[in-house]
Amino acid sequence: MLTTHNQLVISCFFCVGLIWYFAKMADVAKDLTAGTIGGTAQLIVGHPFDTIKVKLQSQPVPPPGQLPRYSGAIDAVKQTIAAEGPRGLYKGMGAPLATVAALNAVLFTVRGQMEALLRSEPGAPLTVNQQVVAGAGAGVAVAVLATPTELVKCRLQAQSALAGAVTGSPAATITAAVKYGGPMDVAKQVLRSEGGVRGLFKGLIPTMAREVPGNAAMFGVYEAMKQYFAGGTDTSGLDRGSLIIAGGIAGGAFWASVYPTGVIKSAIQVDDYRNPKYSGSIDAFKKIVKIEGVGGLYKGFGPAMGRSVPANAACFLAYEIVRSSLG
């Protein structure tokens with residue numbers, strides 16, 4: 001039988017455990033909220049750039065003597081607006097918008113938990129190298145959730161470009177391009193005719209190869225820039241302008257470090273299921289380089305960088321403001 005003293009000790013430990021648990025959950029909730037709002041800001045600012053990037057990446061190589069459907073980013077913007085109106089630049093946004101909460105919540109929450117594990121003591125600032133490790137860990141988690149979303153988005157964004165290669169006529173493209181009626185229709189068709197749930201995870205390996213090193217670079221550079229502007233490891237007093245610049249440069253670092261893997265991912269995810277051009281990531285890499293040269297691995301690089309800088313500046317700024325306001 002427990003004595004009164006033992007009962008008090010057990011009760012104290014139980015109370016301490018509850019306090020720790022709820023404090024932990026409170027931090028998770030704050031990261032979830034701030035990450036969701038940051039991701040929404042990122043999506044609104046960056047999606048038009050992403051649409052153009054995917055169209056440039058996924059357009060087939062034209063036959064000898066013929067010009068490609070899009071001569072560059074500006075031409076892709078003009079043709080998209082002419083054929084589909086400004087809303088065409090936001091095609092495919094439904095899928096990432098529907099999952100932005102999950103993706104960014106996971107990214108920032110896992111990063112926050114990695115930070116807690118890496119700290120020598122509660123509240124201690126992390127080094128740049130520790131932020132690199134935290135970013136890589138977050139990248140592993142987010143890649144799993146991002147793969148189905150990216151597949152749906154890429155299919156919707158690329159379908160008009162792919163149809164254009166078959167019809168050879170912009171006017172005919174509008175009719176031929178409508179294979180998918182929207183994000184849910186893409187998911188239904190993939191589940192029905194491309195191997196079930198496994199089909200939604202087509203491109204998981206290159207997505208992982210993009211997200212892990214990409215997020216490691218992004219969070220590492222973000223921390224390095226913040227410490228540079230702050231003149232030390234205490235970055236709590238940075239102004240919004242510094243956060244915007246740090247976030248923009250960090251976003252650019254993401255794509256600068258992993259862009260070719262993003263091209264391979266897009267090529268695999270929009271590849272025809274019944275008559276595939278690529279047997280896997282390595283095969284896609286070899287064929288793209290053989291047919292288009294190394295430059296083929298950087299198709300759409302301009303729009304990607306143009307998107308990444310303002311979109312990530314908006315994301316990090318929104319995250320920092322919300323996270324700070326939540327305490």
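## Two crossing helices and a one-sided one

Helix H9 passes helix H11 in a right-handed crossing. Keep in mind that this is a predicted model. Let's start with that pair of helices, then zoom out, and finish with helix H6.

**The H9 and H11 pair**

H9 covers residues 240-269 and H11 covers residues 301-325. Their axes come within 7 Å and cross at roughly 140 degrees. That angle makes H9 oblique to H11, because only angles over 145 degrees would count as roughly antiparallel.

So which residues of H9 and H11 meet? On the H9 side, the list includes Arg240, Leu243, Ile244, Trp255 and Tyr259, along with the glycines Gly247, Gly248, Gly251 and Gly252. On the H11 side, you'll find Phe301, Met305, Arg307, Asn312, Phe316 and Glu320 among them. Sorted by character, the residues of this contact are 14 nonpolar, six polar and three charged.

**The whole chain**

Stepping back, the protein has 11 helices and zero strands. Reading from the N terminus, you simply meet one α element after another. The protein has 327 residues, and 45% of them count as buried. What about contacts along the sequence? Take those between residues at least 6 apart in sequence: 78% of them join residues at least 24 apart.

**Helix H6 and its two sides**

H6 spans residues 183-193. Which of its residues are buried, and which are exposed on the other side? Here's how they split up:

| Part of H6 | Residues |
|---|---|
| Buried | Val186, Ala187, Gln189, Val190 |
| Exposed, on the other side | Met184, Lys188, Arg192 |

Why do we say that the buried residues line one face of H6? Look down the axis of the helix: the buried residues fall within an arc of 165 degrees, so they line one face.

Glutamine 189 is worth a look of its own. This residue lies in H6. Is glutamine 189 buried or exposed? With a relative accessible area of 16%, glutamine 189 is buried, because the cut-off for that label is under 20%. Leaving aside residues up to four places away in sequence, glutamine 189 touches Lys179, Tyr180 and Glu194.

Last stop: what comes after H6? The helix is followed by glycine 195, which has a positive phi, near 90 degrees.

Methods:
Residues are numbered from 1 along each chain as its sequence is written. This is a predicted model: local features need pLDDT of at least 70, side-chain atom pairs count only at pLDDT 80 or more; totals for chains, interfaces and linings use all residues. Side-chain values use heavy atoms; hydrogens and water are left out. Axes are lines fitted to C-alpha atoms, for helices over the stretch in contact, and angles run from 0 to 180 degrees between N-to-C directions. Helices (H or I, at least four residues) and strands (E, at least two) are DSSP runs, numbered from the N terminus. Angles under 35 degrees count as roughly parallel, over 145 as roughly antiparallel, 65 to 115 as roughly perpendicular and the rest as oblique. A crossing is left-handed if the near helix is turned anticlockwise from the far one by less than a right angle, and right-handed if clockwise. Contact means heavy atoms within 4.5 Å. Ala, Val, Leu, Ile, Met, Phe, Trp, Tyr, Cys and Pro count as nonpolar, Asp, Glu, Lys and Arg as charged, and the others, Gly among them, as polar. Buried means under 20% relative accessible area, exposed over 50%, partly exposed in between (1.4 Å probe, protein chains only). The arc is that of the directions from the helix axis to the C-beta atoms.
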